[in-house]
Amino acid sequence: MREHDAYTALHAVFDPELDEPITDLGFVRSLTVDGTEVTVHLRLPTSFCSPNFAYLMASDAKDVLTALDGVSRVHVVLDDHHDSDLINRGLAADAGYRGTFGAEADQDLDALRLTFRRKAHTAAMERALTRLLRENRELTDDRLHDITLADLPDHRTTHALLRRRAALGLDTAPEAPVLVDDHGKPYPREEVPLRLRFARSVRISIDGNAHFCRDLLRTRYPESAADQTPRNQEVHAS
Amino acid sequence: MYTKDGDSYFIVDAHVALWDARPENQANIHGKQFIDCFYDYHRNLSPESELWSYEEYLYYGGARLMKDLFQDGYVDHAIFQPAHLGAFYKNGFGQTEEAFALTKQHPDKLTYNHYFDPRLEQAGLDQLRCDAERFGLKGVKLYTAEWRDDSRGYKLDDPWCRRYLETCLDLGIRNIHIHKGPTIRPLDRDAFDVADIDKVATDYTDLDFVVEHCGLPRLEDFCWIATQEPNVHAGLAVAMPFIHTRPRYFAQIIGELLYWLDEDRIQFSSDYALWTPKWLVERFVDFQIPEDMTEYAPLTIDQKRKILGLNAAAMYDLPVPEELQVRRIETQAVSVA
């Protein structure tokens with residue numbers, strides 16, 4: 001096992017709220033491999049970043065590293081968080097979310113994860129459709145009802161949308177409509193402009209949070225700048 | 001008051017604090033982490049010329065506050081929105097006695113809002129009645145993600161909280177400011193979730209709910225609720241300073257708020273002392289939606305007047321000189337449009 005392989009594996013761990021890999025965000029403070037043991041330190045933009053998200057990312061990191069060939073033990077340590085001790089003890093003991101947080105965690109994390117997968121899908125849908133609108137000036141909002149996946153160009157915005165649809169178990173066939181709800185159902189034609197508008201506010205929200213969290217991480221840990229990979233701006237900042 | 005290019009603006013800073021985060025007031029490591037987090041926000045989003053030292057930031061006192069807001073900051077009236085944070089600070093984070101004494105000295109310039117915590121049940125309810133009388137409360141600031149014993153938060157529609165809101169109605173406390181923004185949140189539920197506001201806004205239509213930080217980082221959830229509930233308002237604390245670091249993002253926030261709400265339900269705040277109002281007021285008056293963002297209409301001077309002060313002034317019955325009001329004819333034109 002080499003550090004490069006372990007780090008590559010961490011690309012699969014996403015901040016659910018920002019919809020970006022923890023590696024690109026600069027959340028991985030250090031990674032060391034000693035024989036078959038891997039130790040990872042994570043850092044976050046504030047001490048008060050959500051403990052449930054923090055736990056989710058740390059436990060996902062542990063899972064992807066444990067699954068690698070040639071790894072016998074994985075230590076994931078969350079630094080400088082108000083729940084660092086609690087989370088680190090829970091991770092070391094594989095106690096799970098409820099086992100870690102006890103009575104405070106009366107729901108599991110699956111519902112939270114699903115919420116953010118849906119938001120990520122909504123944002124990806126808006127990016128793809130807004131790009132299409134910008135490139136085809138004759139196309140108007142109210143005609144988006146009839147746009148199918150086959151109408152989207154072979155572009156990374158489209159690929160990103162397909163990945164997020166697949167993650168939610170939504171139809172990825174070429175004839176499937178693009179503008180759909182969380183369950184893959186198309187909206188009534190008359191609701192299309194409103195739904196696109198709402199999808200836009202979801203996308204603005206996610207993009208804005210991602211910028212803010214990246215900047216705050218650099219304010220808190222200036223050395224993290226070197227570890228951050230620029231966010232893929234699939235649609236121009238507007 | 002602020003004047004630029006012949007246009008004058010009545011300024012209400014709807015969210016300010018007088019805090020004490022010095023080490024001797026910190027109850028534990030969380031008290032230090034909390035102010036450090038604030039200081040990082042301050043460092044990250046302020047222009048370099050407006051940066052404070054860490055020592056100044058821990059505690060600045062009333063004289064400094066008066067200077068920064070009223071002498072330098074163009075503010076006509078400011079409203080204290082204190083966070084208690086008793087689990088982090090021995091004598092609380094927001095300094096009630098100091099802020100209230102300052103308010104009594106300058107009643108024309110300052111309004112003191114207090115807080116309650118429904119987890120104190122009947123004892124807290126009795127306290128609220130005393131506080132309402134003593135402070136002459138028109139509003140409260142609720143920090144729903146505040147820690148108390150084993151609890152890391154409460155919801156506005158919890159049964160006890162509903163009793164508190166009903167008591168607010170009895171006592172004439174009409175303005176309920178709720179912190180829904182970054183920093184602390186309860187563990188198992190998402191404290192940014194604004195769903196609890198939706199429920200109580202529907203049930204208590206005689207109360208106005210000002211969502212501080214306009215729901216950031218969940219702007220879309222906030223907008224979706226506010227578009228349906230006419231008594232839900234957006235407080236711009238923490239959103240304002242993006243005008244400096246990310247003006248395009250700021251344009252999107254304002255553009256979305258104007259689309260989903262309207263120009264009468266958006267309030268300026270500096271969130272002092274996270275940021276000082278002077279530069280925020282100057283930049284907002286100069287601000288315009290970038291031309292290539294064709295999805296948003298340009299901001300008008302009257303919209304800026306409302307956001308910078310007239311909306312909050314109306315909510316708090318603050319007297320505004322006639323010449324600083326928006327011109328009536330234009331208001332009608334906007335409302336017809």
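Select A:Glu135 to begin: this residue is partly exposed, with a relative accessible area of 47%. The model on display is a predicted one.

**First stop: a salt bridge within helix H6 of chain A**

Add A:Arg131 to the selection. Its side chain meets that of A:Glu135 in a salt bridge, at 3.2 Å from N to O. The two residues stand four apart in helix H6 of chain A, so they are separated by about one helical turn. A:Arg131 counts as buried, its relative accessible area being 19%, whereas its partner A:Glu135 is partly exposed.

**Second stop: two salt bridges in chain B**

Move to chain B and select B:Lys278 together with B:Glu282. Their side chains form a salt bridge of 3.1 Å, N to O. Here too the partners are four residues apart, in helix H11 of chain B, and are therefore separated by about one helical turn. B:Lys278 is partly exposed, with a relative accessible area of 33%.

Return briefly to chain A and select A:Glu126, A:Arg127, A:Arg200, A:Arg203 and A:Asp207; salt bridges with shared partners join these residues into one network.

In chain B again, select B:Arg134 and B:Glu97. This salt bridge has an N to O distance of 2.6 Å. It links distant parts of the chain: B:Arg134 belongs to helix H5 (residues 121-135) of chain B, B:Glu97 to helix H4 (residues 96-105) of chain B, and the two are 37 residues apart. Are these partners buried or partly exposed? B:Arg134 is partly exposed at 43% relative accessibility, and B:Glu97 is partly exposed at 48%. Over all chains, the count of salt bridges comes to 43.

**Third stop: where chain A meets chain B**

Display both chains together. The contact takes 42 residues from chain A and 40 residues from chain B. Between them the chains bury about 3,900 Å², of which 55% lies on carbon and sulfur atoms. Which three residues supply more of the area that chain A buries against chain B than any other three? Select A:Phe48, A:Glu104 and A:Arg197, which together supply 21% of that area.

Next, select A:Lys119 and B:Asp221. They form a salt bridge in which the closest N and O atoms are 3.1 Å apart. The count between chain A and chain B is six salt bridges, and ten residue pairs are found in polar contact across this interface.

Colour the helices of chain A to see which elements take part. Helix H3 (51-66), helix H5 (96-101), helix H6 (110-135) and helix H8 (192-220) of chain A are the elements that give two or more residues to the side touching chain B. H8(A) provides the largest share of that side, 18 residues. By type, the residues on the side of chain A that touches chain B divide into 15 nonpolar, 15 polar and twelve charged.

**Fourth stop: an aromatic pair in chain B**

Over all chains, a search of the whole structure finds 37 aromatic pairs. For one of them, select B:Trp52 and B:Tyr272: this pair is edge-to-face, with 5.9 Å from centre to centre and 75° between the planes. B:Trp52 lies in the loop between helix H1 (29-45) and helix H2 (54-58) of chain B, and B:Tyr272 in the loop between strand S10 (266-267) and helix H11 (277-286) of chain B, so the pair ties together parts that are 220 residues apart in sequence. B:Trp52 is buried at a relative accessible area of 7%, and B:Tyr272 is buried at 0%.

**Fifth stop: backbone features**

Keep B:Tyr272 selected and add B:Ala273. A cis peptide bond, with omega about 10°, joins them. B:Ala273 is in the loop between S10 and H11 of chain B. Most residues other than glycine have a negative phi, and most peptide bonds are trans.

Now select B:His213, where phi is positive, near 70°, although the residue is not glycine. B:His213 is found in the loop between strand S8 (208-212) and helix H8 (219-226) of chain B. Its relative accessibility is 2%, and B:His213 therefore counts as buried.

Finish in chain A with A:Asp80, a residue other than glycine with a positive phi of about 55°. A:Asp80 occupies the loop between strand S5 (73-78) and helix H4 (84-92) of chain A. A:Asp80 is partly exposed, with a relative accessible area of 38%.

Definitions and conventions:
Residues numbered from 1 in each chain as written. Chains lettered and ligands numbered in written order. Predicted model: local features only at pLDDT ≥ 70, side-chain atom pairs only at ≥ 80, totals over all residues. Heavy atoms only, no water. Contact = heavy atoms within 4.5 Å. Buried area = accessible area lost by both parts, 1.4 Å probe. Salt bridge = Lys/Arg side-chain N within 4 Å of Asp/Glu carboxyl O. Polar contact = N/O pair within 3.5 Å; in protein donor to acceptor, adjacent residues only side chain to side chain. Nonpolar A, V, L, I, M, F, W, Y, C, P; charged D, E, K, R; others polar. Phe/Tyr/Trp six-rings, centres within 6.5 Å; stacked < 30°, edge-to-face > 60°. Buried < 20%, exposed > 50% of the residue type's maximum accessible area, 1.4 Å probe, protein only.
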